[in-house]
Amino acid sequence: MPELPEVETIRRDLESVISGRSVASAWVSENAPRLVQLIPPDEFCKQLKGQRIERLSRRGKYLILNLQSGLIWAVHLRMTGRFQHNVEGCPESPYLRAWFELDDGSFLCFADLRKFGMMWLVDDFSAVNPLLGPEPLEDGFDLKEFAATMKRRSAPVKALLLDQTVLAGVGNIYADEALFAAGIRPARAASTLTRPAVARLHQRVQDVLHAALGDRGSSFSDYVDASGQQGSHQLNVQVFRRTGEPCYACGTEIRRIKVAGRSTHYCPRCQK
DNA sequence: CTTATTCCCTGATTGC
DNA sequence: TGCAATCAGGGAATAA
């Protein structure tokens with residue numbers, strides 16, 4: 001499941017490889033009716049053709065290809081989307097949903113087992129998502145504002161970490177990891193957190209994302225980078241998918257519960 | 001405004 | 001063993 005570190009890894013990989021290239025031709029599968037948003041797929045392909053990719057950026061879990069025309073090509077991988085660059089065509093896959101041939105003959109390939117992934121071609125990112133919260137690894141992630149949000153919400157603290165309007169880019173893996181690192185129970189009502197706990201969480205979210213970036217993301221199931229390689233942070237998690245295994249800090253068995261409709265992993269001793 | 005639930009989709013897992 | 005029901009997950013849509 002690509003979250004901020006995974007999408008950022010793809011962005012960095014693609015930046016040097018496809019910047020300056022133009023789209024020579026585009027194809028979207030008939031079997032992916034929800035992939036292209038806002039406009040019909042054939043219109044999307046037609047508009048994309050000839051566009052030069054100036055640079056790549058990212059907002060939360062959205063990969064953004066900034067086109068020289070000023071248009072924005074946004075891609076969200078959701079759960080199982082893969083966005084890969086291949087020099088010689090796209091690898092055979094029953095889940096290939098779209099491809100984009102570039103002017104050097106290489107291909108951007110979009111495969112997606114569950115068809116939850118989406119793409120947009122818009123003038124402004126606000127047309128894609130107008131309510132996205134601050135980037136957790138940039139100055140806009142303000143502690144005071146974060147604390148104020150926590151204070152007035154009764155939802156479980158994990159639900160707020162997953163809320164993309166509160167902060168952009170954290171998903172199930174890094175929400176669990178950040179809460180462990182901060183010593184906070186995921187089901188705890190956000191409004192009951194002390195100020196020091198909120199400050200700790202604010203810092204740990206950033207630490208956990210940085211660590212995952214250093215490992216080129218986590219590959220628990222489908223995630224691979226733009227070259228098809230797995231990340232390695234799944235080998236370095238403290239709680240995520242470690243149900244029944246001993247906590248590295250205290251030896252207590254990691255528990256799994258449901259919070260905000262998502263599988264949630266925590267150490268009952270280290271997290272209060 | 002909030003929080004909780006449903007839905008999309010399909011391979012993997014669980015249960016009888 | 002076999003086959004159906006349930007689960008997983010991001011996040012939008014819908015319900016309460």
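**How the two domains of chain A meet**

In this predicted model, 18 residues of domain 1 touch 19 residues of domain 2. The domain assignment puts domain 1 at residues 4-127 of chain A and domain 2 at residues 143-266. Taken over C-alpha atoms, the centres of domain 1 and domain 2 sit 28 Å apart.

How big is the patch that gets covered up? The size of an interface is often quoted as the accessible area that is lost when the parts come together. Here domain 1 and domain 2 bury about 1500 Å² between them. Carbon and sulfur atoms account for 59% of that buried area.

On the polar side of things, 7 residue pairs are in polar contact across the interface of domain 1 and domain 2, counting pairs with both residues at pLDDT 80 or more. As for salt bridges, the count between domain 1 and domain 2 comes to 1. A salt bridge joins the side chains of Asp-13 and Arg-216, with an N to O distance of 2.5 Å.

Which elements make up the face that domain 1 turns to domain 2? Helix H1 (4-18) and strand S5 (81-86) each put in at least two residues on the side of domain 1 that touches domain 2. H1 gives the most to that side, with 9 residues. Sorted by class, the side of domain 1 that touches domain 2 is a mix: 7 charged, 6 nonpolar and 5 polar residues.

Methods: Residues are numbered from 1 along each chain as its sequence is written. Chains are lettered from A and ligands numbered from 1 in the order in which they are written. This is a predicted model: local features need pLDDT of at least 70, side-chain atom pairs count only at pLDDT 80 or more; totals for chains, interfaces and linings use all residues. Side-chain values use heavy atoms; hydrogens and water are left out. Domain bounds come from an automatic or database domain assignment. Contact means heavy atoms within 4.5 Å. Buried area is the accessible area (1.4 Å probe) that two parts lose on being put together, summed over both. A salt bridge is a side-chain nitrogen of Lys or Arg within 4 Å of a carboxyl oxygen of Asp or Glu. A polar contact is a pair of N or O atoms within 3.5 Å; within protein, one must be able to donate a hydrogen and the other to accept it, and residues adjacent in sequence count only if both atoms are side-chain atoms. Helices (H or I, at least four residues) and strands (E, at least two) are DSSP runs, numbered from the N terminus. Ala, Val, Leu, Ile, Met, Phe, Trp, Tyr, Cys and Pro count as nonpolar, Asp, Glu, Lys and Arg as charged, and the others, Gly among them, as polar.
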